[in-house]
Amino acid sequence: MTTPDPARFGDANGVYCRFCGATPAIDMDFRAHRGMILMMQFRKLPGPYCRTCGLASFRKMTGDSLVQGWWGPFSFVFANPGTLLLNLVNRARLAQLPPPIPGAPSPPMDPGTPLFLRPHILGALVPILLVAFVFGNSAKSSGSSSADRSSDHYLGAPSTTYTMPTAPPAPTAPATRGATAAVVGDCVRDTAGDLSTDQHPKIEVVPCSDPQAQATVLGKPMGANAEAECDSKFPNADVVLTHKTSYGNGPEFTTFALCLTLK
């Protein structure tokens with residue numbers, strides 16, 4: 001173990017890293033976001049951090065968000081940019097710390113290669129390419145001639161066929177309870193796979209005694225700030241699933257969130 005330099009003791013600030021026990025440290029969180037089309041997942045890795053462990057956590061959580069965070073309308077426009085911005089602000093705060101004093105109980109985490117040298121940085125191209133695609137199509141559409149536009153109504157008027165049932169539908173089994181019907185205290189499972197890793201979970205309420213139960217509902221806040229309430233009121237939640245809906249062709253909005261703790 002490296003012997004601490006007495007001259008470095010002036011750097012100690014009385015805060016110790018959660019991961020290695022070194023000082024000086026700063027109390028902050030690094031976050032990651034995953035977009036799942038109509039649902040979202042927020043993850044948080046709380047401190048305190050020394051400079052080395054904080055850098056490792058920043059690179060891991062931000063890299064995950066760059067790859068996984070864009071896949072949903074609300075995630076693309078609001079949630080993931082906000083998560084990345086918050087991580088960058090905390091990264092700047094972390095950079096003001098002196099190096100950790102040697103001799104901590106555990107070795108600091110390995111920060112690894114810089115984020116811009118990891119393949120995750122390619123995820124930053126997703127919003128750039130999408131915006132370029134949208135503006136490119138808009139420019140192409142606005143530059144078309146009036147003669148070309150004369151036939152647009154034939155292309156843009158979809159036909160809809162309605163088929164009347166010829167016989168009463170056959171009796172079906174009672175419908176299972178999904179995410180909308182879940183209440184606090186219910187146990188749920190992901191019928192599509194592992195709830196902790198699946199990007200497109202399909203939630204089903206099951207008895208808590210069922211060996212297939214994967215998580216318990218800690219809370220179910222409603223409204224546009226549901227995911228934020230999960231984060232503030234249920235900090236022990238392992239997974240946050242956000243349900244979104246829309247009316248007609250209008251924008252999507254959050255209806256509720258499930259704050260889940262894994263079994």
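Select Arg 31, Phe 42, Arg 43, Lys 44 and Asp 231 to begin, since these residues lie nearest the centre of the largest pocket, which is lined by 23 residues in this predicted model. The volume of the largest pocket comes to about 480 Å³.

To see what surrounds the largest pocket, colour S1, S2, helix H2 (73-94), helix H6 (226-233) and strand S6 (239-245), the elements that each give two or more residues to its lining. Of these, H2 supplies the largest share, six residues. If you then colour the lining of the largest pocket by residue type, you will find 14 nonpolar, three polar and six charged residues.

Next, turn to the aromatic rings, of which a search of the whole structure finds five pairs. Select Phe 19 and Tyr 49, whose rings form a stacked pair, with 5.4 Å from centre to centre and 15° between the planes. This pair joins distant parts of the chain, because Phe 19 belongs to the segment before strand S1 (29-36), while Tyr 49 sits in the loop between strand S2 (39-46) and helix H1 (51-68), 30 residues apart.

Which of the two partners is buried, and which is partly exposed? With a surface display switched on, Tyr 49 proves to be buried, at a relative accessible area of 0%, whereas Phe 19 is partly exposed, at 28%. Now add Phe 30 and Phe 58 to the selection, and you will have a cluster in which ring pairs link Phe 19, Phe 30, Tyr 49 and Phe 58.

Stay with Phe 58 and bring up Arg 91, whose charged end sits over the ring of Phe 58, 6.0 Å from the ring's centre. For another arrangement of this kind, move to Phe 256 and show Lys 220, where the charged end of Lys 220 sits over the Phe 256 ring at 4.6 Å from its centre.

The last stop is Asp 11, which is found in the segment before S1. Is Asp 11 buried, partly exposed or exposed? Its relative accessibility is 29%, and Asp 11 therefore counts as partly exposed, a class that lies between the 20% and 50% cut-offs. Show its neighbours as sticks and, leaving aside residues up to four places away in sequence, you will see that Asp 11 touches Pro 24 and Pro 98. Finally, draw a line from the C-alpha of Asp 11 to that of Leu 97: these two residues are 86 residues apart in sequence, and their C-alpha atoms are 8.8 Å apart in space.

Conventions
Residues numbered from 1 in each chain as written. Predicted model: local features only at pLDDT ≥ 70, side-chain atom pairs only at ≥ 80, totals over all residues. Heavy atoms only, no water. Phe/Tyr/Trp six-rings, centres within 6.5 Å; stacked < 30°, edge-to-face > 60°. Helix = DSSP H or I, 4+ residues; strand = E, 2+ residues; numbered from the N terminus. Buried < 20%, exposed > 50% of the residue type's maximum accessible area, 1.4 Å probe, protein only. Lys NZ or Arg CZ within 6 Å of the ring centre and 35° of its normal. Contact = heavy atoms within 4.5 Å. 1 Å grid on protein atoms, 1.4 Å probe; cavity = no way out; pocket = protein on both sides within 12 Å on 5 of 7 lines; lining within 4 Å. Points joined across faces, edges and corners; volume = space filled by probe spheres on them. Nonpolar A, V, L, I, M, F, W, Y, C, P; charged D, E, K, R; others polar.
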